[in-house]
Amino acid sequence: MSVTVRVPAKVNVQLAVGGVRDDGYHDLANVFLAVGLYDEITVTPADSLTVSCSGPGADQVPLDRTNLAARAAELLAARYGIDPAVHIHIDKDIPVAGGMAGGSADGAGALLACDALWSTGAPREDLLDICADLGSDVPFSLVGGAALGTGRGERLTVLPVGGTFHWVFAVAEGGLSTPAVYREFDRLHDGVDVPPPVASPLLLDALRTGDPGALAAALVNDLQPAALSLRPALADTLRTGTDAGALAALVSGSGPTTAFLAKDADAAGQIAETLLASGTCRTARVAEAPAPGATIL
Ligand SMILES: C[C@](O)(CO)[C@H](O)COP(=O)(O)OP(=O)(O)OC[C@H]1O[C@@H](n2ccc(N)nc2=O)[C@H](O)[C@@H]1O
Ligand SMILES: Nc1ncnc2c1ncn2[C@@H]1O[C@H](COP(=O)(O)OP(=O)(O)OP(=O)(O)O)[C@@H](O)[C@H]1O
């Protein structure tokens with residue numbers, strides 16, 4: 001018997017970053033939107049805890065106990081006194097180290113899959129607690145849809161979304177390290193008083209009404225200057241998508257994936273074609289949002 005769970009990628013439609021905290025994390029007002037690019041996690045009883053991975057970028061995914069999916073299985077097993085003898089297969093479609101929470105998706109997916117396989121009956125709050133231990137983005141991978149993340153991004157308030165948004169994602173060659181991008185943010189703000197992060201009312205309204213023009217006007221990512229500083233060529237990708245008619249363009253989370261909001265599905269297809277032909281990215285993907293959170297198939 002095995003259990004398969006599908007988990008979406010995310011884009012941050014607002015990523016407001018505060019000053020660095022004593023624990024090294026940054027306080028955030030992080031508005032997550034789940035998008036329809038998915039990893040699938042399958043767990044099967046086995047003699048010991050093992051991990052395999054297939055799909056684009058699979059060779060960059062660790063297969064040892066540092067894999068967030070393996071850590072999720074271990075944390076759930078430890079909490080419920082279970083032997084985590086399970087094989088976890090990750091079928092990857094979310095760009096690896098792309099700022100789209102791929103590893104976080106695998107952590108949330110493995111957690112939900114093991115919970116079902118082992119019939120732990122864990123309350124949702126316990127699952128969300130384990131997710132927060134795994135990483136700041138992991139609770140959102142479980143929940144999906146749209147949510148405001150406060151604290152280091154792990155404390156979620158679900159947000160209403162009034163329509164379907166059409167996105168294009170330009171996947172860059174190679175990844176960017178999330179800690180390195182936050183460090184670059186700190187370097188760029190050295191000596192500057194960083195104000196406390198707050199969610200933008202205009203952005204929350206745009207999500208609620210489902211108006212892509214209003215959302216485009218409100219998109220903001222405070223990590224974008226840091227990602228561009230580490231990877232200046234991303235500016236060419238952003239410009240190419242904007243010239244192709246995107247309503248707005250921004251770096252997705254810590255990058256290097258760039259995200260383009262389109263007015264409709266046709267425009268998204270055209271923007272993706274132009275990006276692909278431009279040579280300014282490795283590949284371009286279209287996806288709709290919001291997407292549901294981790295779901296047992
Ligand atoms: C950039 C985002 O993806 C936006 O959603 C997240 O803030 C990053 O979330 P994540 O990858 O789940 O990050 P974690 O695994 O919790 O932390 C990795 C590293 O990112 C930095 N980090 C992360 C979250 C946060 N609020 N402040 C930070 O400074 C820290 O250096 C931390 O050691
Ligand atoms: N299941 C996993 N899938 C991918 N990477 C993983 C996984 N578990 C651990 N990692 C490690 O995490 C690093 C970041 O990969 P990931 O795909 O999660 O980045 P990301 O999408 O930029 O993350 P985020 O958007 O949450 O900051 C990888 O380089 C890899 O070493």
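Let's start with one residue: Ala101 sits in the loop between strand 4 (86–91) and helix 2. It's a handy place to begin, since Ala101 is also among the closest residues to ligand 2. Keep in mind that this is a predicted model. From here we'll look at that loop, then the two ligands, then the protein as a whole.

**Ala101 and Ser104**

- Is Ala101 buried or exposed? Ala101 counts as buried, because it has 30 C-beta neighbours inside 10 Å and the cut-off for buried is 20 or more.
- Leaving out residues up to four places away in sequence, Ala101 touches Ala9, Lys10, Asp137 and Ser141.
- Move along the chain and you get to Ser104, which is in helix 2.
- Ser104 counts as buried too, because 25 C-beta neighbours fall inside 10 Å.
- With residues up to four places away in sequence left out again, the contacts of Ser104 are Leu68, Gly135, Asp137, Val138 and Ser141.
- So Asp137 and Ser141 turn up on the contact list of Ala101 and on that of Ser104, by the 7 Å C-beta rule for contacts.
- An unreviewed UniProt entry has a "binding site" annotation that covers Pro95, Val96, Ala97, Gly98, Gly99, Met100, Ala101, Gly102, Gly103, Ser104 and Ala105.

**Around ligand 2**

- How many residues surround ligand 2? There are 23, and the closest are Ala101, Gly102, Gly103, Asp106 and Thr178.
- Helix 1 (68–80) and helix 2 (102–117) each supply at least two residues of this shell.
- Helix 2 gives the most, with 4 residues.
- Sorted by class, the shell around ligand 2 has 9 nonpolar, 12 polar and 2 charged residues.
- Each of domain 1 (3–159) and domain 2 (165–289) gives at least three residues to the shell around ligand 2.

**Around ligand 1**

- Ligand 1 has 19 residues around it, and Gly135, Ser136, Asp137, Arg152 and Pro179 come nearest.
- Strand 1, strand 2 and helix 5 (178–188) are the elements that give two or more residues to this shell.
- Asp137 is a name to remember, as one of the residues that come nearest to ligand 1 and one that Ala101 touches.
- By class, the shell around ligand 1 holds 6 nonpolar, 11 polar and 2 charged residues.
- Where does ligand 1 lie? Domain 1 and domain 2 both give residues to its shell, so ligand 1 lies between them.

**How the two domains meet**

- The protein is divided into domain 1 (3–159) and domain 2 (165–289).
- The C-alpha centres of domain 1 and domain 2 are 22 Å apart.
- Their contact takes 29 residues from domain 1 and 34 residues from domain 2.
- On the side of domain 1 that touches domain 2, strand 1 (3–20), strand 2 (26–45) and strand 5 (146–150) each give two or more residues.
- That side of domain 1 has 20 nonpolar, 8 polar and 1 charged residues.

**A look at Phe185**

- Phe185 is in helix 5, one of the elements that give two or more residues to the shell around ligand 1.
- Phe185 is buried, because 22 other C-beta atoms lie within 10 Å.
- Not counting residues up to four places away in sequence, Phe185 touches Val17, Leu223 and Ala226.
- Phe185 and Gln224 are 39 residues apart along the chain, yet their C-alpha atoms are separated by 8.8 Å.

**The whole protein**

- There are 10 helices and 12 strands.
- The C-alpha trace spans about 55 × 40 × 35 Å along its principal axes.
- A compact globule of 297 residues would have a radius of gyration near 19 Å, and the protein's 19 Å agrees with that.
- Buried residues make up 53% of the 297.
- Take contacts between residues at least 6 apart in sequence: 75% of them join residues at least 24 apart.

**What UniProt adds**

- UniProt places "domain: GHMP kinase N-terminal" (unreviewed entry) at residues 67–145. That stretch is 58% helix and 8% strand, with its end C-alpha atoms 25 Å apart.
- The UniProt annotation "domain: GHMP kinase C-terminal" (unreviewed entry) covers residues 204–275. This span is 57% helix and 15% strand, and its end C-alpha atoms lie 29 Å apart.

Key:
Residues numbered from 1 in each chain as written. Chains lettered and ligands numbered in written order. Predicted model: local features only at pLDDT ≥ 70, side-chain atom pairs only at ≥ 80, totals over all residues. Domains from an automatic or database assignment. Contact = placed C-beta atoms within 7 Å. Nonpolar A, V, L, I, M, F, W, Y, C, P; charged D, E, K, R; others polar. Rg over C-alpha atoms; globule rule 2.2 N^0.38 Å. Buried ≥ 20, exposed ≤ 12 C-beta atoms within 10 Å, placed from the backbone. Near = placed C-beta within 6 Å. UniProt positions renumbered as here; feature names shortened; annotations may be inferred.
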